[in-house]
Amino acid sequence: MAVTVAVALYPSRTAVEPTGYAAASAPSISSDSSHPSASSDSSGTTSPSSATVTAPDLPTAIAAAVAASSEGDLAVSVLDLETGATAGSRSAEPFPTASLRKLLVAVDVLPSASADDRELLVRALSLSDDSAMNALWDRHDGMGAITRVATRVGLVATSPPTDPTQWGDVTMSADDVVHLYRYILTGLPADQRDFIVDALGSAPDTAADGFDQGFALMGPDVDAYAKQGWMWYLPADLYLHSAGIVRSRYVVAILSLHSGVPAATAEATLDAVTTALLTPLP
């Protein structure tokens, strides 16, 4: 299988970065928290940790992940939060996002969310509850939310659906998903960041609709919090995604399309991809 791996220092986008977001610097990771932290120099200016960090071999990890995919179409993007290095395979290609787009709505709604909105957001992010997301989508101009957040964050391959009633058809690239997570960790106010991280971290293995969420980054042996996505296109196509933060260091987005196989087979494929991707990474 031929593998093309793209490598860059992240972010490499020309889109406008959100206010207060330093595109040239990578966040540091605190030793006692899953969230990035900043240190202060003698002038009181916050800056990433000055400790030297050796970049992992991301291209090798990406190549191993692609080689482990026995079926289906696969896109992968990885960002090392400590060094700012990234790598990906087909990572600029838009995929229908299924429930990953719930992250976009969360970023849009949280600044003005009511208590009821916050309850719905917890259910949407943890249980992947579609009824909760339907309510938020209708209440807060879901179509507009996609465009607002894409503009605010600088997402270059994110688009709303053609049919406003089909929010699962929001498209994003794996790179955009990674970029969104980086913004959540480093660009949102701490209370909004923690709300999203805590909701994702409380996700059970079984979703509100009964689907098994315990695959890929939410597998039993993976130190991560993540948002999962799944969506069938009849007669036999399954979009299956997993995206989140691994070991408090790596932002990972795995997007995939599977045709004519059971969900369990597709999940097993993403489990293998995840293991192959993470094994070479420190």
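Helix axes are lines fitted to C-alpha atoms over the stretch in contact, and their angle is taken between N-to-C directions. The exercises below use a predicted model.

**Exercise 1. Determine how helices α5 and α6 are oriented to each other, and describe their contact.**

Step 1. Helix α5 covers residues 142-153 and helix α6 covers residues 174-186. Their axes lie 11 Å apart and cross at an angle of about 75°.

Step 2. Angles of 65 to 115 degrees count as roughly perpendicular. The two helices, α5 and α6, are therefore roughly perpendicular to each other.

Step 3. On the α5 side the contact has Val 149, Arg 152 and Val 153. They meet His 179, Leu 180 and Tyr 183 of α6.

Step 4. Sorted by type, the residues of this contact are 4 nonpolar, 1 polar and 1 charged.

**Exercise 2. Classify the aromatic pair of Phe 211 and Trp 230, and place both residues in the chain.**

Step 1. The structure has 4 aromatic pairs. In the pair of Phe 211 and Trp 230, the ring centres are 4.4 Å apart and the planes differ by 10°. Planes under 30 degrees apart count as stacked, and this pair is stacked.

Step 2. Phe 211 sits in the loop between α7 (190-201) and β10 (224-233), while Trp 230 belongs to strand β10. The two are 19 residues apart, and the pair links distant parts of the chain.

Step 3. The cut-off for buried is under 20% relative accessible area. Phe 211, at 10%, is therefore buried. Trp 230, at 8%, is buried as well.

Step 4. Phe 211 and Trp 230 belong to one aromatic cluster with Phe 215 and Trp 232.

**Exercise 3. Classify the pair of Tyr 233 and Tyr 239, and state whether each residue is buried or partly exposed.**

Step 1. The ring centres of Tyr 233 and Tyr 239 are 5.3 Å apart, with 75° between the planes. Planes over 60 degrees apart count as edge-to-face, and that is the class of this pair.

Step 2. Tyr 233 has a relative accessible area of 31% and is partly exposed. Tyr 239 has 11% relative accessibility and counts as buried.

**Exercise 4. Compare the span of helix α3 with the expected span, and find what its buried residues pack against.**

Step 1. Helix α3 runs over residues 115-127 and has 13 residues. The expected span is 1.5 Å times one less than the number of residues, which gives 18 Å for α3. From first C-alpha to last, α3 reaches 18 Å, close to that expected value.

Step 2. Buried in α3 are Asp 117, Leu 120, Leu 121, Ala 124, Leu 125 and Ser 126. An α-helix has 3.6 residues a turn, so residues three or four places apart point the same way.

Step 3. The buried residues of α3 pack against α2 (102-109), α4 (130-139), α7 and β10.

Step 4. After α3 comes Ser 128, which has a positive phi near 55°.

**Exercise 5. Describe the surroundings of Pro 56 and of Thr 269.**

Step 1. Pro 56 lies in the loop between β5 (46-47) and α1 (58-67). With a relative accessible area of 11%, Pro 56 is buried.

Step 2. Residues up to four places away in sequence are not counted; Pro 56 then touches Asp 80, Arg 249, Tyr 250, Leu 281 and Pro 282. Pro 56 and Asp 80 are 24 residues apart in sequence, with their C-alpha atoms 8.0 Å apart.

Step 3. Thr 269 is in helix α8 (residues 263-278). Its relative accessible area is 4%, so Thr 269 is buried.

Step 4. Apart from neighbours within four places in sequence, Thr 269 contacts Ser 69, Ser 70, Glu 71 and His 258.

Technical notes:
Residues are numbered from 1 along each chain as its sequence is written. This is a predicted model: local features need pLDDT of at least 70, side-chain atom pairs count only at pLDDT 80 or more; totals for chains, interfaces and linings use all residues. Side-chain values use heavy atoms; hydrogens and water are left out. Rings of Phe, Tyr and Trp (its six-membered ring) pair if their centres lie within 6.5 Å; planes under 30 degrees apart count as stacked, over 60 as edge-to-face and the rest as tilted. Helices (H or I, at least four residues) and strands (E, at least two) are DSSP runs, numbered from the N terminus. Buried means under 20% relative accessible area, exposed over 50%, partly exposed in between (1.4 Å probe, protein chains only). Contact means heavy atoms within 4.5 Å. Axes are lines fitted to C-alpha atoms, for helices over the stretch in contact, and angles run from 0 to 180 degrees between N-to-C directions. Angles under 35 degrees count as roughly parallel, over 145 as roughly antiparallel, 65 to 115 as roughly perpendicular and the rest as oblique. Ala, Val, Leu, Ile, Met, Phe, Trp, Tyr, Cys and Pro count as nonpolar, Asp, Glu, Lys and Arg as charged, and the others, Gly among them, as polar.
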